[in-house]
Structures are given as structure tokens and as C-alpha cells.
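Colleague: I've got this one open on my screen and I'd like to talk it through. Can you take my questions in turn?

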Amino acid sequence: MHDLSAILSIDEAAAVLGRTPATLRWAAQTGRLPAKRLGRDWVTTYDGVTWYLAFHRRDHRQKLRTV
């Protein structure tokens, strides 16, 4: 059985991550954010948000650019 309380809409995930919903929709469409479509809307999970944070942090990209 799936825990539906762990599912986040893209709008909810955007609020948690401090990103815009459009940015996260793009990330979901390109596979950068683990997400699925439910009808017209994208949804993700807390695990997906945690994974996105681990691999797509802004300060992580800045560190790579300065090296």
C-alpha cells in the first residue's frame, strides 16, 4: 500500500525547495526531479524532493564552477 501523505504536488514541492513551480515542472519533464503525471498535474514524493536537493543544489553547482 502506498502512503499518500508522502505525495507532494509540484506547487507544494516548489514551496519546500524555494523554487518556482515552472522550474520543478521542467525538472520533472526532463527527469531531473523524480515525478509522475496524475492527469494534467505533476506529483513527486518527499524522497524525490530529498534526491533533487542532494544532486541539484545551487551551491553545489557553484563549487563545481570554481574548481
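Modeller: Sure, and one cut-off to begin with: a residue counts as buried under 20% relative accessible area, as exposed over 50%, and as partly exposed in between. Keep in mind that this is a predicted model.

Colleague: Good. Is D47 buried or exposed?

Modeller: D47 lies in helix 3, which covers residues 46–55. The cut-off for exposed is over 50%. With a relative accessibility of 65%, D47 therefore counts as exposed.

Colleague: And how far apart are the C-alpha atoms of D47 and I7?

Modeller: Along the chain, D47 and I7 are 40 residues apart. In space, their C-alpha atoms are separated by 9.3 Å.

Colleague: Back up a little: in what order do the elements of the protein chain run?

Modeller: The protein chain has four helices and three strands. Reading from the N terminus on, the order is β-α-α-β-β-α-α.

Colleague: Now helix 3. Where do its buried residues sit around the axis?

Modeller: The buried residues of helix 3 are G48, V49 and Y52. They span an arc of only 100° around the axis, so they sit on the same side of helix 3. D47 and T50 are exposed, on the other side.

Colleague: What do the buried residues of helix 3 pack against?

Modeller: Their partners include two helices, helix 1 and helix 2. The others are strand 1 (7–9) and strand 3 (41–45).

Colleague: Which residues touch the most other members of the largest nonpolar core?

Modeller: That core has 13 residues. One of the residues you're after, L33, touches I10, L24, A27, A28, T44, G48, V49 and Y52, leaving aside residues up to four places away in sequence. The residues that touch the most other core members are L24, L33 and Y52. As for where this core comes from, helix 1, helix 2 and helix 3 each supply at least two residues, and the largest share, four residues, comes from helix 1.

Colleague: One last residue: is R19 buried or exposed?

Modeller: R19 is found in the loop between helix 1 (10–17) and helix 2 (21–29). A polar atom of the R19 side chain lies 3.0 Å from the backbone oxygen of L17. The cut-off for buried is under 20%. The relative accessible area of R19 is 14%, so R19 is buried.

Terms used:
Residues are numbered from 1 along each chain as its sequence is written. This is a predicted model: local features need pLDDT of at least 70, side-chain atom pairs count only at pLDDT 80 or more; totals for chains, interfaces and linings use all residues. Side-chain values use heavy atoms; hydrogens and water are left out. Buried means under 20% relative accessible area, exposed over 50%, partly exposed in between (1.4 Å probe, protein chains only). A polar contact is a pair of N or O atoms within 3.5 Å; within protein, one must be able to donate a hydrogen and the other to accept it, and residues adjacent in sequence count only if both atoms are side-chain atoms. The arc is that of the directions from the helix axis to the C-beta atoms. Contact means heavy atoms within 4.5 Å. A nonpolar core is a set of buried Ala, Val, Leu, Ile, Met, Phe, Trp, Tyr and Cys residues joined through side-chain atoms within 4.5 Å.
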